[in-house]
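Me: Could you take a close look at one part of this structure for me, the small open sheet, and tell me about the charged pairs and cysteines that go with it? A connected walk-through would suit me better than a list.

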Amino acid sequence: MATAILRHLYPHPFAAAAAAAPPSSPSPPRPTLPPIQTVYVRCPSPFPQVEAFVALSTTWYHLALVAIDDGMRAGLQTYLDLKQPAPPKAILVGTRRNDPHGALLEPLQQTDKGWPDFCRVHPVLDWSYADIWAFLRCDDLSLGAGGSGEVEHGGGLEWCELYDYGCVASSSSLSRS
């Protein structure tokens, strides 16, 4: 999402802008992201690596993060209440079809009865595990060499280090595969 916002606001790639400037001229200012409204409903005993990744992502992607210690249903309601009088109408969710409770989801879907009311947007609903990794490793999605968002493992975006140890995410926790 951060890359899409940058590309929309600044359609010229960073590298092209830097290459066009004469060597003696100061480099053009780096495009910056506007704050991205974000909610993180923290599980009761989060892994330290997840907390570190959330903190890092908050900085890199300019997240206006609201962290809530509660269950998912109550946490989402708390978030909507905090955003009054103009709560979000839609929230992007990272659920995939093969995640728990993902099989019957639609790309755009109102929350179920008894849940806080908003439209769930599932942008990666039909992505495979391989699709997720291809996306994360895509060089074109970097936020720019040497700047915020630069990754240590080559091109692409950063991910939580627990994935490197064989952990996989579900909708509420990480588990070892």
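Reply: Let's start with the cysteines, where one cut-off matters: a disulfide is a pair of cysteine sulfur atoms within 2.5 Å. By that rule, the count here comes to 0 disulfides. Keep in mind that this is a predicted model. As for where the cysteines sit, Cys-119 has a relative accessible area of 16%, so it counts as buried, given that buried means under 20%. Cys-160 is buried too, at 5% relative accessibility.

Cys-119 takes us to the sheet, as strand β5 covers residues 119-121. The sheet is an open one with 3 strands, in the order β3-β5-β4, and its pairing is mixed. Why do β3 and β4 each have a side without a neighbour in the sheet? Both β3 (90-92) and β4 (108-110) stand at the edges with a single partner strand each, so one side of each is left free of a sheet neighbour. Going from one strand to the next, the twist averages 25°.

In general, strands of a sheet pair through backbone hydrogen bonds, in either a parallel or an antiparallel way. Here, β3 and β5 run in the parallel sense and are paired over 3 bridges. If you want a residue to click on, try Ile-91: its bridge partner in β5 is Arg-120.

Arg-120 is worth a second look, since its side chain also meets that of Asp-112 in a salt bridge, at 3.5 Å from N to O. How exposed or buried are the two ends of that pair? Arg-120 is buried, with a relative accessible area of 14%, while Asp-112 is partly exposed, at 45%.

That pair is one of 4 salt bridges in the structure. Among the others, Arg-42 has two partners to look at. With Glu-51, the closest N and O atoms are 3.0 Å apart; with Asp-69, the closest N and O atoms are 2.8 Å apart. The Asp-69 pair links distant parts of the chain, with Arg-42 in strand β1 (residues 36-42) and Asp-69 in strand β2 (residues 63-69), 27 residues apart. Glu-51 counts as partly exposed at 24% relative accessibility, and Asp-69 as exposed at 57%. Through shared partners, these salt bridges join Arg-42, Glu-51 and Asp-69 into one network.

So, back at the sheet, Arg-120 is the residue to follow: a bridge partner of Ile-91, and a salt-bridge partner of Asp-112.

Terms used
Residues numbered from 1 in each chain as written. Predicted model: local features only at pLDDT ≥ 70, side-chain atom pairs only at ≥ 80, totals over all residues. Heavy atoms only, no water. Pairing = 2+ DSSP bridges. Helix = DSSP H or I, 4+ residues; strand = E, 2+ residues; numbered from the N terminus. Axes fitted to C-alpha atoms, helices over the stretch in contact; angles between N-to-C directions. Buried < 20%, exposed > 50% of the residue type's maximum accessible area, 1.4 Å probe, protein only.
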